[in-house]
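Visitor: Could you take me through a close look at how helices pack against each other in this model? I would enjoy the geometry together with the residues that make the contact.

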Amino acid sequence: MTDPARLTETYFAKRDVLLRYLTRLCGDEASAEDVLQDLYLRLMRGGIDGDIQEPLAFLFRMANNLWLNRRRALSRREAREDAWQGLNPQMTGEADASPDAEARLGARQTLRAVLKDIDALPPRTRDIFRLHKLEGLSQTEVARRLDISLSSVEKHLSSALKHLLALNRSRRLN
């Protein structure tokens, strides 16, 4: 009978060789790592009977069998999905991820309210907020464009965000 510790020892000593082998079989390292993890779990479960003369060859055979099992399972899953698609042709397209009319309307109303809140900011604060948040300029670029200090930009942005957050909170409470 084979000592399970001998198989485990061989596994750890030759893990990189097994990984390269499985990577070639699977086509990618992530899948190979999954199969290698399954191999390790099988070893830890034990229950391997018989006299194993060549532990490394045995591990390669186990790894190959695990890979084949995964491939077969994937093929069966794909066949089931194809059969399902064949039986339900109306389900062949991708699910429509676009929001329904009610959600779109709600989003438009929220956007209008936020734009109205931005327009209600003091002119300088509004301009700084728009340049930074809506046009995507950095705070340094905003400071240069408006010929003000970076500290002023930060203070205006902080004031705008506080104001907009307060309005948003009050809107949610109502």
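Guide: Happily! In this predicted model, helix α7 and helix α8 lie roughly perpendicular to each other, because their axes cross at roughly 110° and angles of 65 to 115 degrees count as roughly perpendicular. Helix α7 covers residues 139–146 and helix α8 covers residues 150–173, and their axes come within 8 Å. The crossing of this pair is right-handed. On the α7 side, the residues in contact are Q139, T140, V142 and A143, and they meet L150, V153, E154 and L157 of α8. Sorted by class, that contact holds five nonpolar residues, two polar ones and one charged one.

A second pair is worth setting beside it. Helix α1, residues 4–13, and helix α3, residues 29–45, have axes that come within 10 Å and cross at roughly 160°. That angle is over 145 degrees, so α1 and α3 are roughly antiparallel to each other. The crossing of α1 and α3 is left-handed. Here L7, T8, Y11 and F12 from α1 meet L36, L39, Y40, L43 and M44 from α3. By class, this contact has eight nonpolar residues and one polar residue, with no charged residues.

To put the two side by side: α7 and α8 form a right-handed crossing, whereas α1 and α3 form a left-handed one. The α7 and α8 contact includes one charged residue, while the contact of α1 with α3 has none.

Note on methods:
Residues are numbered from 1 along each chain as its sequence is written. This is a predicted model: local features need pLDDT of at least 70, side-chain atom pairs count only at pLDDT 80 or more; totals for chains, interfaces and linings use all residues. Side-chain values use heavy atoms; hydrogens and water are left out. Axes are lines fitted to C-alpha atoms, for helices over the stretch in contact, and angles run from 0 to 180 degrees between N-to-C directions. Helices (H or I, at least four residues) and strands (E, at least two) are DSSP runs, numbered from the N terminus. Angles under 35 degrees count as roughly parallel, over 145 as roughly antiparallel, 65 to 115 as roughly perpendicular and the rest as oblique. A crossing is left-handed if the near helix is turned anticlockwise from the far one by less than a right angle, and right-handed if clockwise. Contact means heavy atoms within 4.5 Å. Ala, Val, Leu, Ile, Met, Phe, Trp, Tyr, Cys and Pro count as nonpolar, Asp, Glu, Lys and Arg as charged, and the others, Gly among them, as polar.
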